[in-house]
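Here are some notes to read alongside the model, written as numbered points. Please keep the structure open while going through them.

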Amino acid sequence: MQLSIGFWSFKALATADELELFARLSDTGGATVDELAELLGVEQRPVELLVTACASIGLLERRDGRYVNSALAEEFLVPGKPYHFGGWVRMLDRRLYPAWGRLTEAVRTNRPTSWNPDEQAHLFDSEDPQLLALFWEAMHSLSTFTARELGAHVDLSASTALLDVGGGSGAFDIELCRRYPNLRATVFELPAVCEIAAKKIGAAGYADRIAVTPGDFLADPELPTGHDVVLLSMIMHDWAPEQDLAILRKCFAALPPGGRIVISELLVDDEKTGPPAAALMGLNMLVEALGRNYTAAEYGQWLRATGFVDVRTLSFEAPGANGAVLARKP
């Protein structure tokens, strides 16, 4: 029963977020159902049903007859807060929820359903700029939390220059530079995404330590050099094995002797029975991309085949990763 009604909880969250319920409750300090109906411009009955549902799943609390945000909602679902997670929620609702509605089609055809390969060169060749902007805002939310855990488990104190391949909005670089004062970073991304990254990096106050370099890690023959560590975070699962091997060869060539590579992902266990977050993200790749979520053993095999040594895996728990596979260029 819980599996079958899982989407009810998600749509309650997504609808409340779209109606700006959490923002309004944060601004007002709480409201009754009647007050919320007036604020939202909808009738009393649906408001009562929505806030009851949101309270039942830990997003709202009721105090003295008034609904207020839970601590969870106040920190993560109010726009403007440092770790606002609403971008991820809205991307799921508007982009992936419809695509997952066509999952059977994706299984039968082995083709993504969130974009059309016949009309678009790749996932980010979107005809809807608003959806694409929403995607990158979502990735920034997800990456921020994941980067904090990665930085706590992968010691970068001896590193001085990090190359973030496919670094998106720069969230990893911001968090890692915040944790490691001696670290500088470069975001290597598609030109359009570089504009987004530059704004995020500037707003965070790290423009003097994080550079943005436009490029295409699939199409370009080589990656920027001059870095002692390369990061591939939530990148490899997008691509097929032969493409991932090509990426790793470019990373190997770009690193100096002794340089390190860090692959941060939701790793599927070697038996390919879970864990759920990694396995379901792998299934998400069926509707969204061309790859899947791989095992640590698969990454280890590719790294050794590329020339890397001292391959090891660290485990942790974060929204976008449950571990990192590390290796060194001899």
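1. How far apart do the C-alpha centres of domain 1 and domain 2 lie? In this predicted model, the two C-alpha centres are 37 Å apart. The domain assignment places domain 1 at residues 2-77 and domain 2 at residues 150-329.

2. A good place to go next is the pair of helices H6 and H12, where H6 covers residues 86-100 and H12 covers residues 276-288. Their axes are 10 Å apart and the helices pack at an angle of about 90°, which means that H6 is roughly perpendicular to H12.

3. The residues that bring these two helices together can be picked out by name: from H6 they are Arg 95, Leu 96, Ala 99 and Trp 100, and they meet Leu 280, Leu 283, Asn 284, Val 287 and Glu 288 of H12. Sorted by class, the contact of H6 with H12 is made up of six nonpolar residues, one polar residue and two charged residues.

4. The length of H12 can be checked by simple reasoning, because 13 residues at 1.5 Å a residue should span 18 Å, once the span is taken as 1.5 Å times one less than the number of residues. The end C-alpha atoms of H12 are indeed 18 Å apart, so the expected span and the model agree.

5. Which residues of H12 are buried? They are Ala 278, Met 281, Gly 282, Asn 284, Met 285, Val 287 and Glu 288, and what covers them includes H6, helix H7 (103-109) and helix H8 (129-153). Asn 284, Val 287 and Glu 288 are thus worth finding in the display, as they are among the buried residues of H12 and also among those that meet H6.

6. Beyond H12 the chain passes through a loop that leads to helix H13 (296-306), and Thr 295 is found in this loop. Is Thr 295 buried or exposed? Its relative accessible area is 3%, and because buried means under 20%, Thr 295 counts as buried. Leaving out residues up to four places away in sequence, Thr 295 touches Leu 267, Val 268, Asp 269, Asp 270 and Lys 272.

7. A last residue to look at is Ala 171, which lies in helix H9 (residues 171-179). Ala 171 is buried, because its relative accessibility is 3%. When neighbours within four places in sequence are set aside, Ala 171 is in contact with His 140, Ser 143, Thr 144 and Ala 147. The C-alpha atom of Ala 171 is also separated by 9.2 Å from that of Thr 146, although these two residues are 25 residues apart along the chain.

Technical notes: Residues numbered from 1 in each chain as written. Predicted model: local features only at pLDDT ≥ 70, side-chain atom pairs only at ≥ 80, totals over all residues. Heavy atoms only, no water. Helix = DSSP H or I, 4+ residues; strand = E, 2+ residues; numbered from the N terminus. Buried < 20%, exposed > 50% of the residue type's maximum accessible area, 1.4 Å probe, protein only. Contact = heavy atoms within 4.5 Å. Domains from an automatic or database assignment. Axes fitted to C-alpha atoms, helices over the stretch in contact; angles between N-to-C directions. Parallel < 35°, antiparallel > 145°, perpendicular 65-115°, else oblique. Nonpolar A, V, L, I, M, F, W, Y, C, P; charged D, E, K, R; others polar.
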